[in-house]
Each structure stands twice: as C-alpha cells, then as structure tokens.
Amino acid sequence: MAARLRVGLIAGEPSGDALGAALIAALRRRVPEVECFGIAGAAMRDAGCRALYPAEDLAVMGIVEVLAHLPRLLRIRRGLVHQLLADPPDVLVGIDAPDFTLPVEHRLRRAGLRTVHYVSPSVWAWREHRIKHIAGAVDRMLTLFPFEAGIYERHGVPVTAVGHPLHTRLSPVTATQRTDARTALGLRADLPVLALLPGSRAGEYRRLAPLFLDTAQWLRANGRPCQLVVPLVGSAARAVLETELRRAGAGLSCTLIDGGAQQAMTAADAVLLASGTATLEAMLLARPMVVAYRLAPLTYAIARRLVRTPHVAIPNLLAGDRLVPEFIQHAATPAALGAALAGLLEPDANAAMQARLEALRPPPGTDPAERAADAVLEVAGWT
C-alpha cells in the first residue's frame with residue numbers, strides 16, 4: 001500500500017461536479033491525506049481536487065455542438081490519459097459523462113490501473129449491449145438506483161447501488177409545509193393547485209408548455225379549474241410561458257416563479273411534469289403526478305426502435321409497474337392528461353398515490369456519497 005492514497009477523478013458537468021465534491025469529502029473523512037486530481041469543476045476544486053483540466057471544458061451539449069468541439073475534446077482526453085499513465089492514481093473514478101469517461105477508463109484499465117464509474121449510462125432503457133464495453137472499462141460500477149444494479153449483476157459486472165443524493169435531501173410533504181408553500185406563493189386555500197413542470201431545456205418547453213396549458217384549460221372546461229404554478233428555468237422559459245399564456249387566453253390562474261421547482265411541487269395537489277429527474281423529486285416529496293413527454297418527430301422515430309424499457313418515469317422504473325400515469329408522444333393529449341389529473345384530484349386517489357410513492361423511498365441508511373467512498377476505497381485496496 002502506498003504511503004498516500006491518490007484518486008483520479010473526471011467530472012464533465014455540474015451534476016457530476018456535485019457528486020465528485022461529495023465523494024471527495026467522504027473520502028477525506030476516511031483518509032484525511034487523500035490526494036485527488038483530474039478533471040474537476042468548481043465544487044470539486046473547492047473540496048481540494050487539483051484540476052488538470054477544468055470540468056467546464058467538457059460541458060458541451062447537443063450533437064452539433066459536440067462535433068464542433070470534438071478536436072478540442074479529443075486533445076483533452078489524450079492529454080489526460082498521458083498524464084494519468086505518467087503519474088498513475090491508485091484508482092480512477094469517472095463520474096457520468098460516459099462518452100468521455102468510459103474510453104479513458106478502458107485505456108487505463110488495460111494499462112493495469114483500477115477504475116470505477118459513478119452513475120450508470122441508461123443501459124436499462126436502450127443499447128444494453130454497451131455493458132460488454134463497460135465491463136472492459138471498469139472494476140466497479142456505482143449506480144444511483146437499485147434496478148440499474150440488477151442489470152450489471154446479470155452481466156457479471158461488479159456493481160454497488162449507492163443511492164441518489166436526492167434521497168437524503170427530500171422527504172414527503174406535510175400538510176403544514178403545503179400550507180406554508182401556498183401562503184408564500186399567494187395561492188388560495190379553496191382551489192386545487194396544479195404544478196406544471198415542462199422540463200428544463202428550451203426544446204422541452206416549446207413542445208410541452210402549450211400541451212400543459214391546454215391540459216389546464218381542459219380541466220377548467222370540464223369543471224376542475226386549478227391554480228397553476230410554473231417554475232421557470234431562465235429567461236427563455238419565461239418568454240415561452242408568457243407567450244403561451246397569451247395564446248391560451250383568459251381564465252387560467254397562473255403563478256410563474258423563477259426556479260423553485262420543489263416549492264411549486266410542495267404547494268401542489270398534483271403535478272404534471274416532463275419525464276426526467278423531476279419525477280424522482282416528485283416521488284420523494286410524495287406528490288401525485290402525471291408524466292408526459294414529446295420528442296422531435298425524427299428523434300422519436302429513432303428512439304422507439306431502440307428503447308426497450310416499458311416505462312420512462314423513475315417511480316415506475318423503481319416500482320416495476322405503471323404506478324404513475326405516463327403519456328408519450330401522440331398519447332400525450334390534453335384530454336388524456338386532463339382525465340388522469342382529474343382522477344388524481346379526487347381525495348381517495350390522491351391519498352392512495354401519496355402512500356404508494358412514500359413506499360418507494362429507500363430505507364434509511366448511509367448517505368450515497370459515503371457508500372460511494374467505501375466502494376472506491378475497496379477497489380483501491382484501502383479497506
């Protein structure tokens with residue numbers, strides 16, 4: 001065993017930077033003199049990680065954008081591999097960003113270094129054959145959800161389900177919290193509240209905001225008017241919502257707030273939202289929900305041939321059942337969404353879904369970062 005534990009880390013986006021910072025803190029609680037270095041964002045640098053490259057250099061989204069930056073990204077990857085082979089860590093941890101991190105892990109593992117990948121690619125949804133490549137790249141996969149771990153176990157890949165960091169931060173909404181949230185948002189107590197979360201990207205807003213507002217109009221026309229709360233991600237989202245509200249016409253009571261997705265869900269009787277991490281947040285808050293998603297037509301035509309999972313909402317994936325109503329592409333209509341929401345606004349159905357969502361919560365236990373740190377130390381041989 002070396003005199004000092006040395007851990008290489010790669011993070012390429014804000015969520016990975018946050019996971020990396022928490023992992024570094026957990027490692028330091030076990031091995032105070034641990035040396036961490038690699039590709040790091042601001043949070044990881046603040047936690048004491050020496051940045052060979054800043055994570056911001058990898059923060060490129062979209063196919064066209066990636067292609068435009070590909071030469072630079074490949075130069076960074078070659079430079080990183082060269083530095084890590086010349087000055088090897090005891091273990092390398094790649095955090096998410098699989099298109100960048102897995103090839104680095106594969107190259108270093110072939111050279112005899114130990115590797116861990118933190119956050120599984122979506123092999124449960126499509127391209128499960130990627131696990132063969134992943135198996136050659138990692139000594140351990142760390143997953144956020146238990147259903148992901150089962151896939152790796154079937155393929156003989158060492159895996160640890162560490163849990164999602166949101167599990168430790170969110171808990172079911174109490175009646176007092178809901179009342180306080182409504183008061184803070186200036187909402188009436190005698191009319192149901194519906195939170196609308198049309199996603200976090202501009203394309204999602206353009207496709208889903210009109211649908212969600214039309215659904216609210218359907219509820220109003222069918223005798224179930226609701227107060228609407230819409231958390232906004234940036235000025236572009238506000239512009240889209242304000243335009244769509246003018247198109248929808250008078251009659252919708254709508255409160256727009258900057259950020260504050262959890263506050264909006266806390267205040268709500270029900271949530272209409274895009275598929276994604278927000279469904280996990282709603283589940284942990286025990287907020288009854290209906291999930292919808294629409295892709296660009298060509299993207300959907302391709303995706304429907306590749307995706308193998310019967311569900312898209314995280315609560316349904318965890319339950320292995322259609323606990324939460326979900327409507328994709330052409331099935332996502334104002335009438336279908338409105339009918340599902342009208343059912344959830346009934347007190348008995350609302351309480352029943354809250355109970356089922358609460359039952360999906362993982363049992364109390366170790367913080368995910370602590371579990372991840374234990375797994376990294378085990379792979380590094382420091383246990």
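## Exercises on a predicted model

In this predicted model, helix α1 (residues 14-30) and helix α16 (residues 368-380) have axes that come within 8 Å and cross at roughly 65°.

**Exercise 1.** State the hand of the crossing of α1 and α16, and identify which residues of α1 meet α16.

*Solution.* Step 1: the crossing of α1 and α16 is right-handed. Step 2: on the α1 side, the residues in contact are A22, L23, A26, L27, R29 and R30. Step 3: their counterparts in α16 are A369, E370, A372, A373, D374, V376 and L377.

**Exercise 2.** Determine the strand order of the open sheet and explain which strands stand at its edges.

*Solution.* Step 1: seven strands make up the open sheet, in the order β3-β2-β1-β4-β5-β6-β7, with parallel pairing. Step 2: β3 (50-54) and β7 (159-161) each have a single partner strand, so one side of each lacks a neighbour in the sheet, and these two are the edges. Step 3: on average, neighbouring strands of the sheet are turned by 15° against each other, direction ignored.

**Exercise 3.** Describe how β1 is joined to β4 and which helix packs on the sheet there, touching both strands.

*Solution.* Step 1: β1 (residues 6-11) and β4 (residues 91-95) run parallel and are joined by five bridges. Step 2: one residue pairing is that of L9 with its bridge partner V93 in β4. Step 3: helix α4 (residues 98-110) packs on the sheet and touches β1, β2 (35-40), β4 and β5 (115-118). The direction of α4 makes about 165° with that of β5.

**Exercise 4.** Establish where the buried residues of α6 lie around the helix axis and what they pack against.

*Solution.* Step 1: α6 (residues 146-154) lies across β6 (140-143) and β7, and runs at about 165° to β7. Step 2: E148, A149, I151 and Y152 of α6 are buried. Step 3: viewed down the axis of α6, the buried residues fall within an arc of 155°, so they line one face of the helix. Step 4: these buried residues pack against α5 (130-137), β6 and β7, whereas P146, E153 and R154 are exposed on the other side of α6. Step 5: after α6 comes G156, with a positive phi near 75°.

**Exercise 5.** Classify the geometry of the aromatic pair in the structure.

*Solution.* Step 1: the structure holds one aromatic pair. Step 2: the ring centres of F145 and F147 are 5.6 Å apart and their planes lie at 10°, so the pair is stacked; the cut-off for stacking is under 30 degrees. Step 3: F145 has a relative accessible area of 8% and is therefore buried.

Key:
Residues numbered from 1 in each chain as written. Predicted model: local features only at pLDDT ≥ 70, side-chain atom pairs only at ≥ 80, totals over all residues. Heavy atoms only, no water. Phe/Tyr/Trp six-rings, centres within 6.5 Å; stacked < 30°, edge-to-face > 60°. Buried < 20%, exposed > 50% of the residue type's maximum accessible area, 1.4 Å probe, protein only. Pairing = 2+ DSSP bridges. Helix = DSSP H or I, 4+ residues; strand = E, 2+ residues; numbered from the N terminus. Axes fitted to C-alpha atoms, helices over the stretch in contact; angles between N-to-C directions. Contact = heavy atoms within 4.5 Å. Arc of directions from axis to C-beta. Left-handed = near helix turned anticlockwise from the far one by under 90°.
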